[in-house]
Structures are given as structure tokens and as C-alpha cells.
Amino acid sequence: MKTENENIILQKAKAFAIRCVKLHQYLQKDKKEYCLSNQMIRSGTSSQHVRRLH
């Protein structure tokens, strides 16, 4: 059973990953910045907690 603190961490990790994906989309679509946006998507979604949510 997960404790309340683990659930909060998972929620925050998921929210952060979603924000990183949105930033990645913005950088590629509006700013035409591909190198930085690709690194952002890799680093922002690399957490083990986020991977378990998928």
C-alpha cells in the first residue's frame, strides 16, 4: 500500500512531466527550437515515478 506522501510525489511528478511535454510542444511549434525541446522531453519525463504511471 502506498502512503499519502508517495501519492503526492507521484501526482507532482506526473504534473511536472505534463508541463514538460507542453513546453516541448511549444518550443517545437512556436519557437522552432528542436535540440532544446528534445532534451526537455527526455529529462522532464525520465523519472521512475513518471514511467510507472504510463
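Contact here means heavy atoms within 4.5 Å. With that in place, Gly44 touches Phe16, Ala17 and Cys20, leaving out residues up to four places away in sequence. I start there since the rest of the talk is about how those two parts of the chain meet. One caution before going on: this is a predicted model.

First, the overall layout. The protein has three helices and zero strands, and along the sequence the pattern reads α-α-α. It has 54 residues, of which 17% count as buried. I will spend the time on helices H1 and H2.

H1 covers residues 4-29, which is 26 residues. How far apart should its ends be at 1.5 Å a residue? The expected span is 38 Å, and the end C-alpha atoms are 38 Å apart, so the two agree.

Next, which residues of H1 are buried? They are Leu10, Ala13, Ala17, Cys20, His24 and Leu27. Look at the spacing of those numbers while I give the general point. An α-helix has 3.6 residues a turn, so residues three or four places apart point the same way.

Now the partner. H2 runs over residues 34-44, and it packs against H1 at an angle of about 170°, with the axes 9 Å apart. Angles over 145 degrees count as roughly antiparallel, and the two helices are therefore roughly antiparallel to each other.

On the H1 side, the contact is made by Phe16, Ala17, Cys20, Val21, Leu23, His24, Leu27 and Gln28. On the H2 side it is made by Tyr34, Leu36, Ser37, Asn38, Met40, Ile41 and Gly44. By type, the residues of this contact divide into ten nonpolar, five polar and no charged.

Let me go through a few positions in that contact, beginning with Gly44, the residue I opened with. Gly44 lies in H2. At 5% relative accessibility, Gly44 is buried, because the cut-off is under 20%. Its C-alpha is 7.7 Å from that of Val21, although the two are 23 residues apart in sequence.

Moving along H2, we come to Ser37. Is Ser37 buried or exposed? It counts as buried, with a relative accessibility of 0%. Beyond residues up to four places away in sequence, Ser37 touches His24, Leu27 and Gln28.

That brings us to His24, on the H1 side. His24 is also buried, at a relative accessible area of 13%. Which residues does His24 contact, apart from neighbours within four places in sequence? They are Ser37, Asn38 and Ile41.

Two further C-alpha pairs can be read alongside these. Tyr26 is in H1 and counts as partly exposed, at 38% relative accessibility. The C-alpha atoms of Tyr26 and Ser37 are separated by 8.5 Å, with their positions eleven residues apart along the chain counted as the offset. Lys22 is in H1 as well, but this residue is exposed, with a relative accessible area of 55%. From Lys22 to Ile41 the C-alpha separation is 9.1 Å, at 19 residues apart along the chain.

A word on the cysteines. How many disulfides does a search of the whole structure find? The count is zero. Taking two of the cysteines for their surroundings, Cys20 is buried, with 1% relative accessibility. Cys35, on the other hand, is exposed, with a relative accessible area of 63%.

Last, the connection from H1 to H2. Lys32 sits in the loop between these helices. Its phi is near 55°, which is a positive value in a residue other than glycine. Lys32 counts as exposed, at 55% relative accessibility.

To recap, H1 and H2 are roughly antiparallel, and their axes lie 9 Å apart. Their contact holds ten nonpolar and five polar residues, and no charged ones. Within it, Ser37 is buried at 0% relative accessibility, and Ser37 touches His24 among others. That is what I have on this model.

Conventions:
Residues are numbered from 1 along each chain as its sequence is written. This is a predicted model: local features need pLDDT of at least 70, side-chain atom pairs count only at pLDDT 80 or more; totals for chains, interfaces and linings use all residues. Side-chain values use heavy atoms; hydrogens and water are left out. Helices (H or I, at least four residues) and strands (E, at least two) are DSSP runs, numbered from the N terminus. The expected span of a helix is 1.5 Å times one less than its number of residues. Buried means under 20% relative accessible area, exposed over 50%, partly exposed in between (1.4 Å probe, protein chains only). A disulfide is a pair of cysteine sulfur atoms within 2.5 Å. Axes are lines fitted to C-alpha atoms, for helices over the stretch in contact, and angles run from 0 to 180 degrees between N-to-C directions. Angles under 35 degrees count as roughly parallel, over 145 as roughly antiparallel, 65 to 115 as roughly perpendicular and the rest as oblique. Ala, Val, Leu, Ile, Met, Phe, Trp, Tyr, Cys and Pro count as nonpolar, Asp, Glu, Lys and Arg as charged, and the others, Gly among them, as polar.
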